[in-house]
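User: I'd like to learn how to read the holes, ligand sites and backbone details in a model like this. Could you walk me through them?

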Amino acid sequence: MAPNTAPALWPAPHASGAVDATVHVPGSKSVTNRALVLAALASEPGWLRRPLRSRDTLLMAGALRAMGVEIEEGVGPDGSGEAWRVLPTGLRGPATVDVGNAGTVMRFLPPVAALADGPIRFDGDPRSYERPLNGVIDALRTLGARIDDDGRGALPLTVHGGGALDGGPVSVDASSSSQFVSALLLSGPRFNQGVEVRHTGASLPSLPHIRMTVEMLRAVGAQVDTPESGGEPNVWRVTPGALLGRDLTVEPDLSNAQPFLAAALVTGGKVLIPDWPARTTQPGDRLREIFTEMGGTCELTEYGLEFTGSGAIHGIDVDLGDVGELTPGIAAVAALADSPSTLRGVAHLRLHETDRLAALTKEINELGGDVTETADGLHIRPRALHGGVFHTYEDHRMATAGAIIGLAVKGVQIENVATTAKTLPDFPDLWTGMLGN
Ligand SMILES: O=C(O)C1=C[C@@H](OP(=O)(O)O)[C@@H](O)[C@H](O)C1
Ligand SMILES: C=C(OP(=O)(O)O)C(=O)O
């Protein structure tokens, strides 16, 4: 008998009433992967408490280990919580890095590899070959690195680390991904002359993620000048210097909190997310404002964020350029709203895990929806939806978007829900737990 290769279908639970749940959301992918890189580049050991353990972060840890960094399992210095202890060593090749489809791994690590002694080969999932990396490759060459690639500005490639990198000024068009800028800044303190990154493109997505990079660099002792600290627009400067080993507790992933907040909105229920930070650079914090405009109310207390749906869901006209990774979840809620929505500023999502604008349009429309792509986003006119298969294109946020729709629409089946393991392996259990099943 021929093997059955069709991806499994997961019946998305339909909500029989208003949810009322507390959901402990695991750590932030973006914070965990920056913290791992910074700890690996430090001059002394460091701790990461409550790191996210998901495909993207385990790939990052595995890649750093392959380059000689020791990452030990342990409990934090005060004995509480699970932690990783990172012991930076001389970075070395030869090594092979599997980036999977993690933007943070494929973009943040080539600059680290340029500092290693020996060749580091980068490879990954088929989709990783299509995601832009030209900004990092070209910039590293300008800064003195030797890289072998096939000329497409993408994976696979080999960085021939020389043990050090000159660094200095470099221009990069980061309109396709803010991660180009973050990547160069993160390793910048270890370049001989530091780095001055000048973004030359017409637009720059995901600015909060660049702010996260800057704040985390400063927290380990790096000196960073930014447009916001009185520097030139679109220019970031990192001074060369040693990095401290820190004891960092990773915040919950607020973008992964999105489907649970959406559940409160869609069912007219209530969800508490403990440990929601009072101040954060995570883009998911914008959900407090966006989901309030879409019909909920929220309160940030010492216990966390309590979000309550009113039973009504309103459409929204919003520029998501700063917070692009929230688009699939917002589109799912918008498809269930009482008025149309326009999501703008996210053309670069066509180069994410999948072409998210095309995928959302196709999948929502196949359930009976009325979504059209615009040049830089989506137009969503709510219509009565029906059940069917929601394809996910190996995109974790497509899977969680489908689950949101499934709360309100009977008979939705999510293809390959296991793809949520990219950033939230516990998703199916957390979801059914939230629903009291
Ligand atoms: O630096 C980061 O941690 C991220 C930056 C953003 O990338 P883009 O600027 O490519 O959208 C975001 O979408 C991604 O999920 C995580
Ligand atoms: C775009 C995303 O991931 P990546 O870090 O792979 O770019 C995402 O998580 O939505």
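**Inside the largest cavity**

Analyst: Let's start with what the walls are made of: the lining of the largest cavity has two nonpolar, twelve polar and ten charged residues. In this scheme Ala, Val, Leu, Ile, Met, Phe, Trp, Tyr, Cys and Pro are nonpolar, Asp, Glu, Lys and Arg are charged, and the others, Gly among them, are polar. Keep in mind that this is a predicted model, where local features need pLDDT of at least 70, side-chain atom pairs count only at pLDDT 80 or more, and totals for chains, interfaces and linings use all residues. Residues are numbered from 1 along each chain as its sequence is written, chains are lettered from A and ligands numbered from 1 in the order in which they are written, and side-chain values use heavy atoms, with hydrogens and water left out.

User: What counts as a cavity, and how many of 30 Å³ or more are there?

Analyst: On a 1 Å grid over the protein atoms alone, a cavity is a set of points where a 1.4 Å probe fits but cannot get out; a pocket is an open set with protein on both sides within 12 Å along at least five of seven lines, and lining residues have an atom within 4 Å of a point. Points are joined across faces, edges and corners, and the volume is the space filled by probe spheres set on them. Here that gives five cavities of 30 Å³ or more. The largest has a volume of about 280 Å³. Its lining runs to 24 residues, with K29, Q179, S206, E325 and H352 nearest the centre. Two elements, α1 (29-41) and α3 (103-114), each give two or more residues to that lining. Helices (H or I, at least four residues) and strands (E, at least two) are DSSP runs numbered from the N terminus.

User: Why does the largest cavity lie between domain 1 and domain 2?

Analyst: Domain bounds come from an automatic or database domain assignment. Domain 1 (9-26 + 252-435) and domain 2 (29-249) both put residues into the lining, so the largest cavity lies between them.

User: Which elements line the second largest cavity?

Analyst: This one has a volume of about 50 Å³. Two or more lining residues come from each of α7 (258-267), α9 (327-334) and α11 (396-408). The largest share, four residues, is from α11. By class, the lining splits into four nonpolar, five polar and two charged residues. E325 and R397 are among the residues in it.

User: And the largest pocket: where does it lie?

Analyst: Again, both domains supply lining residues, so the largest pocket lies between domain 1 and domain 2. Its volume is about 240 Å³. Of the 14 residues lining the pocket, V25, P26, G27, R50 and P51 are closest to its centre. The lining has seven nonpolar, two polar and five charged residues.

User: On to the ligands. Which residues are closest to ligand 1?

Analyst: A residue is near a molecule if one of its heavy atoms lies within 4 Å of it. Ligand 1 has 13 residues around it, the closest being S30, R34, S177, S178 and E325. For finer detail, look for polar contacts, which are pairs of N or O atoms within 3.5 Å; within protein, one must be able to donate a hydrogen and the other to accept it, and residues adjacent in sequence count only if both atoms are side-chain atoms. A polar side-chain atom of R34 is 2.7 Å from an oxygen atom of ligand 1, S177 has a side-chain N or O atom 2.7 Å from a ligand 1 oxygen, and a polar side-chain atom of H348 sits 3.2 Å from a ligand 1 oxygen. The protein covers 96% of the 380 Å² of accessible area that ligand 1 has on its own. Such areas come from the Shrake-Rupley method with a 1.4 Å probe; for residues, only the protein chains shown count as cover.

User: How many residues surround ligand 2?

Analyst: There are 14, and the closest are K29, G103, R131, R397 and K422. A polar side-chain atom of E353 is 2.9 Å from an oxygen atom of ligand 2, and Q179 has a side-chain N or O atom 3.3 Å from a ligand 2 oxygen. Backbone joins in too: a polar backbone atom of N101 lies 3.4 Å from an oxygen of ligand 2. Alone, ligand 2 exposes 300 Å², and the protein buries 97% of that.

User: Last one, the backbone: where is P94 found?

Analyst: P94 is in the loop between β5 (82-87) and β6 (95-98), and the peptide bond from G93 to P94 is cis, with omega near 0°. L155 and P156 are also joined by a cis peptide bond, with omega about -5°.
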